[in-house]
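Subject: The two-chain model, and what I found in it

Hi,

Here is the structure I promised to pass on. Have it open while you read, and I'll walk you through what I found.

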Amino acid sequence: MSSLWLLTKKNLKLLLRSKSSALIVVFAPLLIILILGLSFSNSSQYGINIGVHASSFNADVNSFMETLQEEEFKVIKYESSIEDCIEDIKLSYVHTCISLPESFQIEGNAKKEITFYIDPSKINLVWMVQETLRTKLNLKSEEVSKALAGNILTKLVDTNTKIGTEKDKLSTIKGKTGSALSSAEAAKTDLSGLDFTVPVTVYNLSVTEAFKTQVSANINTGITKLDAASSAINGANLSSSEKSAIKKHLTLAKSELANASARLTVDSEGSFIAVSNLINTLETDLTATKGKLTSASEKVTGTTDNLGNIQSSLSEGMSSLDTVLTSLNEIKANLDAQKVTEAGVISNPITTKIENVIPAQSYLSYMFPALIVLVIMFSSLLLGTTLVMMEKNSPSFVRNYFVPVKKVTFILSTYLTNLILMIVQIVIILGISLIFLKELYMTIPQTVLILFLAASVFTFLGMALGYLFVSEETAVLASISLGSVFLFFSGLILPLESVSVLLREVTFFNPFVLAEKLVREVSLFQTSLSLIWMDLLILLGYAIVMFLVILIIESLLHKQLVTKFMRHHHHKHRQKQKIDGKKH
Amino acid sequence: MIVEFIHLKEVVKEFKKTKILKNVNLTIQRGEILGIIGQSGSGKTTLLNLIAGFIEPTEGNVEYFSKIDHQPKEMHKNLHKIKRHIGFTPQHASFYPKLTVKENLLHFGRLYGLKKALLIDNAKSLLEFTNLHGHQNKLAEHLSGGMQKRLDLSCSLIHKPKLLILDEPTADLDHITQGEILELIQEVNKQGVTVVIASHHLNNLERICDKIAIIHKGELKSFGAVEDVRKPYLKNNICINIKVGKDKDKMIAMAKKLPVSKIVDQGHQIVLHPLEDEKALLALIRAVKEENLYLHDIDLRKPSLNEVMGNIVDEEERK
């Protein structure tokens, strides 16, 4: 244990006394984090220069430019041609160029086109510029769409209202047509009820003559009888007065019968002739009426037929009106059912609203996890490599072989040295970060634990590289390369979505990604360690595996390294001897 | 009493199927200074690494006697136990340049598990011993080459090892510093520390070593006390050392005409290996006179380890 501390103290001394190492490995990361802290401790828009070209800078174009300026973009006008702007992109004076149409007013079906010119080689900016500007343009497009949709909606509302009105009229027409149909129906029924049947009886007018004859005969008989009666009276045992009275009545009756007989034969008022004439007239009239009735019956039949036609026409009309009404009702129902009546909603039915799951903070807050892990990663990798190479290239490397100290103690001392320096760095970095990120205060212990694990993993990786490589330069290069690979496949530089699925899944196990994710979860979302224990375990596993790997590498290579080291010095010495020999 | 400390038995070391060391048999006694010499690429450092237990032999054994009566233990298999008794100083500086002298000493001392009081005591005496006391708070990287070597030595001695292994301890140092380092090593040895040194500064080794092991192309060509190693090469190997001034090139050209087997240009002097001593010497004097050259100094001496080494190389090449 004392050897471990002794070696660690020695390492620290050596590192701090080597000005270049101390500067590069110890102070550079601290300086970086301080500079980054000062640089990104704001929440304003990125400083993007946008070139705008339009054939004329009218109100529409100027309004769009103002929108961009409101977003803190620096907008530069290119009035002459878009080519000038494109040239400026190539020279990095502007980040993107936008070619705008003369007006955003939509007339007819012609679309308005806005062209972006971007430099795809600036991959870190392209997506951001595209995304930010697309949002702005979508707003403008939405504005135009809203006006167009508003126009359409107004017309639809008018139509709906008119349909409402006209539908009532149609209902009235339908009512009236119904009434007409009923009337026609009633008329038809009434007409059908009319009996125009003509009696088919044949009137025998000779009956009247027979009646006349019979009545005349009867009258004559009566008169005869009366005469007989009068005669009989005379012979009757009656007083004359009585006989005269009876004869008087008989004479009156006989007179009356004579009058009746006269009426049968004399054409006078109330006579049989008059009656006969009347009957003849009646017969004539009856025949004429019969003809008229036949004609009327025919007419009624024709009218009834017409009424039937009218009825079916009216029924058809009614049915058509029903159809029209149903259609209108459907149209109206459809129009009424159109719940979305806001032009804004139609033109942009789904609005994207980005809600921060945490309160809005400065960019540094969001970048902090990546930045701190980045610094820790490169510091640990470089420090691990540097310390191992420092030991390997140290003149005392051979002497250390002869000291009775286990090799694992040397490895642990290198790790411990690194860890002490990393802890110092973490403390300073977090200390500096607290100036800019006060919300970190609550999560410091968890953050420190994660950073400690991350530092261990990267230290062991750096140390492994130190043991594997011969020269310090190549080892440091390998460390930087390894760090760069971790960084490249972390999604920090390029979106991981663009790489293959397999590689994307592999990158999840990238220690940088793991550490960054853990720090983000802890520092930004205050996630409890119990929820992220699996990732912590993976990091710890990496550290243990790397330590074992180093032990294996060291046990395999150490003697070889010392031999190589001695042989190297031996050759150097021999060459020097040769040179000295030649000089003499 | 001669006590075995480390014993190499039929040691073979191969790297990528190339034999770097071939059947080396060597015994290091407690308390002695063993010098390992050889040309570049001869296998000195490999032999040193084997002795330090840093590498294991492909064949054979490197054994370590932890205590006098104990059975030998295989070095590389028991290195974790033996490490505490070994101090290793490689060719290059092996301390932390960004730590001060004192920090380096205390750091390595603590890694060896020394108690605080003992460590401070050791560090203090080492700082005085290596004359680094006045520089104890200086960063190691700011020390001069000699001081860095002394610091390296101190770091290897902080835990009071029984065996000190030094690879080229005097390399890249000036003559004075080399001398200081050698004195230090001798002082350390006097305190009972067994020292194994590999160096190409053969003259230095000649001065301080009790034993010499000469390695050539992976083979142990000679091993023993310095005089014993030199003995086979004494006959007909008297050297003529000529200290020359500005006429060195003319002198070399002239020497080529003399009856000598070999001419060695050592910079400040030319060493001639005569075929016949007397004839060569007379011919030399005559030629110097004829050519009107200035002869600064001339002497006859026994061959140095350097020259012994040269002879061994020559013999091998003749084979």
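First, a bit of vocabulary: two strands pair if DSSP finds at least two bridges between them. Strands here are DSSP runs of at least two residues, numbered from the N terminus. Also keep in mind that this is a predicted model.

**A strand in the middle of things**

With that in hand, go to strand E7 of chain B, residues 163–167. Which strands does E7(B) pair with? On one side there is strand E6 of chain B (residues 86–89), joined to E7(B) by 4 bridges, and the two run parallel. If you want a spot to look at, find B:Gly87, which stands opposite B:Leu164 of E7(B). Strand E8 of chain B (residues 194–198) is a partner too: 5 bridges join it to E7(B), again in parallel. B:Leu164 turns up here as well, standing opposite B:Val195 in E8(B).

How do you get from E7(B) to E8(B)? Helix H6 of chain B (residues 175–190) belongs to the connection, and E7(B), H6(B) and E8(B) make a right-handed β-α-β unit.

Is E7(B) buried or exposed? For this you need a cut-off: a residue is buried if 20 or more other C-beta atoms lie within 10 Å of its own, and exposed if 12 or fewer do. By that count 5 of the 5 residues of E7(B) are buried, so the strand is largely enclosed by the rest of the structure. Both faces are covered, with B:Leu163, B:Ile165 and B:Asp167 on one side and B:Leu164 and B:Leu166 on the other.

**The loops around E7(B)**

Two residues in the loops here have a backbone angle to look at. B:Lys160 is in the loop between H5 and E7 of chain B. Its phi is positive, about 50°, although B:Lys160 is not a glycine. B:Glu168 sits in the loop between E7 and H6 of chain B, and it also has a positive phi of about 50° without being a glycine. Their surroundings are worth checking one by one. B:Lys160 has 18 C-beta neighbours inside 10 Å, so it counts as partly exposed. B:Glu168 has 25 inside 10 Å, so it counts as buried.

**Two helices to look at**

Next is helix H5 of chain B, residues 145–157. At 1.5 Å a residue its 13 residues should span 18 Å, and the end C-alpha atoms are 18 Å apart, which agrees. Since 11 of the 13 residues are buried, H5(B) is largely enclosed by the rest of the structure. The buried ones include B:Met147, B:Lys149, B:Arg150 and B:Leu157. What do they pack against? Their partners are E6, H3, helix H4 (116–129), E7 and H6 of chain B, together with helix H11 (397–402) of chain A.

Now try helix H3 of chain A (residues 59–70), which has 12 residues and reaches 16 Å from its first C-alpha to its last, close to the 16 Å expected. In H3(A), A:Val61, A:Phe64 and A:Met65 are buried. Why do they line one face of the helix? Seen down the axis of H3(A), the buried residues fall within an arc of 100°, so they share a face. In general, an α-helix has 3.6 residues a turn, so residues three or four places apart point the same way. On the other side of H3(A), A:Ala59, A:Ser63, A:Glu66 and A:Glu70 are exposed. The helix is followed by A:Glu72, whose phi is positive, near 70°.

**Chain A, and where the chains meet**

Chain A has 17 helices and 4 strands. Of its 584 residues, 24% count as buried. For a single residue to click on, try A:Gly491, in the loop between helix H14 (472–488) and helix H15 (501–507) of chain A. It has 19 C-beta neighbours inside 10 Å, so A:Gly491 counts as partly exposed.

How many residues does each chain bring to the contact? Chain B gives 30 residues and chain A gives 25. On the side of chain B that touches chain A, E6 and helix H3 (101–111) of chain B each supply at least two residues. The largest share, 4 residues, comes from H3(B). That side of chain B divides into 15 nonpolar, 10 polar and 5 charged residues.

Happy exploring!

Terms used:
Residues numbered from 1 in each chain as written. Chains lettered and ligands numbered in written order. Predicted model: local features only at pLDDT ≥ 70, side-chain atom pairs only at ≥ 80, totals over all residues. Expected span 1.5 Å × (residues − 1). Arc of directions from axis to C-beta. Right-handed = clockwise from strand over helix to strand, strands pointing away. Contact = placed C-beta atoms within 7 Å. Nonpolar A, V, L, I, M, F, W, Y, C, P; charged D, E, K, R; others polar.
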